[in-house]
Amino acid sequence: MMRTPPLLVALGLLAPLADRAAPLGAQPALALQDAAARTATGNATPVPFQVGERLEYEVRFGALKVGNGSMEVKEITEVRGRPVWHTAFTIKGGIPLYRVNDLYESWFDVNTLNSLRYHQDVDEGNYERKRRYEIFPERGVLREGDRPEEPTVTNPLDEGSFLYFVRTVPLEVGKTYEFSRYFKAQGNPVRIRVLRRETVTVPGGTFKTVVLQPTFQTKGIFSQNGKAEVWISDDDRRMVVQMKSKLSFGSLNLYLKGARGTK
């Protein structure tokens, strides 16, 4: 019997898209403003999210509802003396005899959006894993737990911070954006094709969206041979509204069902 894929595979694999990107042949600039964050932190990069934002999702495997997830901006705090966004991504659910309870936390610089700290608490079926990363962009290294330091990329982004970073990127239909910011270099470069605009209805309502097709240099749902698409709201909030992925044994989809604390 085929092992049910961890639900977070579909969601977490969005991350290696992260990069200080440009559409091929162009130099994008952030188009979104965040006066409140600038007031609180001095020189914060303009972003479409704020402390207290919480997005909640329904996760389905084919027609079967298998779990719920959330993305939350918990606070602005400090890591090694730098102001950072602290965000949390959770997913819970599964099927009988296979349960998932995962938590991914990110701390990323409010000025550069570079990842400084990243935690993974994974509990899927009979598999459990905790990972703790400290990331030092100024020295170009990262450290996992007590392991020796290893190189990272310029302006690194982890899985969680990527999901917020991509919301700040201008998305022009027909453009392809290329990124090399995923904190583990082997996942780079990552490309995002902006396919079309589309109006979709999900449990949380009806939204005008921009549809993306992300690909990166590893195996999985968002590999070069994959057919995953992500819908981002075409408004000032830039929320992840929907995600659909086609697998060899079915489809794994995510739908926004509620949002609070948005700008």
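1. A polar contact, as the term is used in this note, is a pair of N or O atoms within 3.5 Å, where within protein one atom must be able to donate a hydrogen and the other to accept it. The structure discussed here is a predicted model, and one such contact in it joins the side chain of Gln-120 to the side chain of Arg-129, at 3.1 Å. Gln-120 lies in strand 6, and with a relative accessibility of 6% it counts as buried, because the cut-off for that word is under 20%. Leaving aside residues up to four places away in sequence, Gln-120 touches Leu-103, Tyr-104, Arg-129, Lys-130, Arg-131, Arg-132 and Glu-159.

2. The overall composition may help before any further detail. The protein has 3 helices and 15 strands, and 52% of its 263 residues count as buried. Among the contacts with a separation of 6 or more, 51% are between residues 24 or more positions apart. The accessible surface comes to about 12,000 Å², and carbon and sulfur atoms account for 48% of that area.

3. Strand 11 (residues 190-202) deserves a careful look, and one can begin with its partners. With strand 10 (residues 176-179) it pairs in the antiparallel sense over 4 bridges, and in this pairing Tyr-177 stands opposite Ile-192 of strand 11. With strand 12 (residues 205-215), strand 11 again pairs in the antiparallel sense, here over 11 bridges, and Val-200 stands opposite Phe-207 of strand 12. A hairpin of 2 residues provides the connection from strand 11 to strand 12.

4. Which residues have the most contacts inside the largest nonpolar core? They are Trp-85, Leu-171 and Leu-212, in a core that has 55 residues. Strand 11 gives the most to this core, contributing 5 residues. As general background, nonpolar side chains in soluble globular proteins tend to be buried together. Leu-212 can be followed further: not counting residues up to four places away in sequence, its contacts are Val-166, Leu-171, Ile-192, Arg-193, Val-194, Leu-195, Ala-228, Glu-229, Val-230 and Ile-232. Ile-192, one of these contacts, is also the residue that Tyr-177 faces across the pairing described in point 3.

5. A search of the whole structure finds 18 salt bridges, and the one between Arg-117 and Glu-134 is a useful example, its closest N and O atoms being 2.6 Å apart. Because Arg-117 lies in strand 6 (residues 115-124) and Glu-134 in strand 7 (residues 127-136), the pair ties together parts that are 17 residues apart in sequence. The two partners do not fall in one exposure class, since Arg-117 counts as partly exposed at 23% relative accessibility, while Glu-134 counts as buried at 17%.

6. Is Arg-147, a partner in another salt bridge, buried or exposed? Arg-147 is exposed, with a relative accessible area of 53%, whereas Glu-144, to which it is bridged with the closest N and O atoms 3.4 Å apart, is buried, with a relative accessible area of 12%.

7. Salt bridges can also be linked to one another, as they are in a network made up of Arg-54, Glu-56, Glu-72 and Arg-260. Within this group, Arg-54 forms a salt bridge with Glu-56, and the closest N and O atoms of that pair are 2.8 Å apart. Glu-56 is partly exposed, with a relative accessible area of 23%.

8. Some backbone details should be checked with care. Most residues other than glycine have a negative phi, and most peptide bonds are trans. Against that background, Arg-80, which is not a glycine, has a positive phi of about 50 degrees. Arg-80 is found in the loop between strand 3 (64-79) and strand 4 (82-95), and it is partly exposed, with a relative accessible area of 39%. Asn-155 likewise has a positive phi, near 55 degrees, and its place is the loop between strand 9 (150-151) and helix 3 (159-165). At 15% relative accessibility, Asn-155 counts as buried.

9. Where is the cis peptide bond that joins Asn-188 and Pro-189? Pro-189 is found in the loop between strand 10 and strand 11, and the omega of the bond is about -10 degrees. The strands on either side of this loop are the antiparallel pair with 4 bridges that was described in point 3.

Key:
Residues are numbered from 1 along each chain as its sequence is written. This is a predicted model: local features need pLDDT of at least 70, side-chain atom pairs count only at pLDDT 80 or more; totals for chains, interfaces and linings use all residues. Side-chain values use heavy atoms; hydrogens and water are left out. Buried means under 20% relative accessible area, exposed over 50%, partly exposed in between (1.4 Å probe, protein chains only). Contact means heavy atoms within 4.5 Å. Accessible areas come from the Shrake-Rupley method with a 1.4 Å probe; for residues, only the protein chains shown count as cover. Two strands pair if DSSP finds at least two bridges between them. A nonpolar core is a set of buried Ala, Val, Leu, Ile, Met, Phe, Trp, Tyr and Cys residues joined through side-chain atoms within 4.5 Å. A salt bridge is a side-chain nitrogen of Lys or Arg within 4 Å of a carboxyl oxygen of Asp or Glu.
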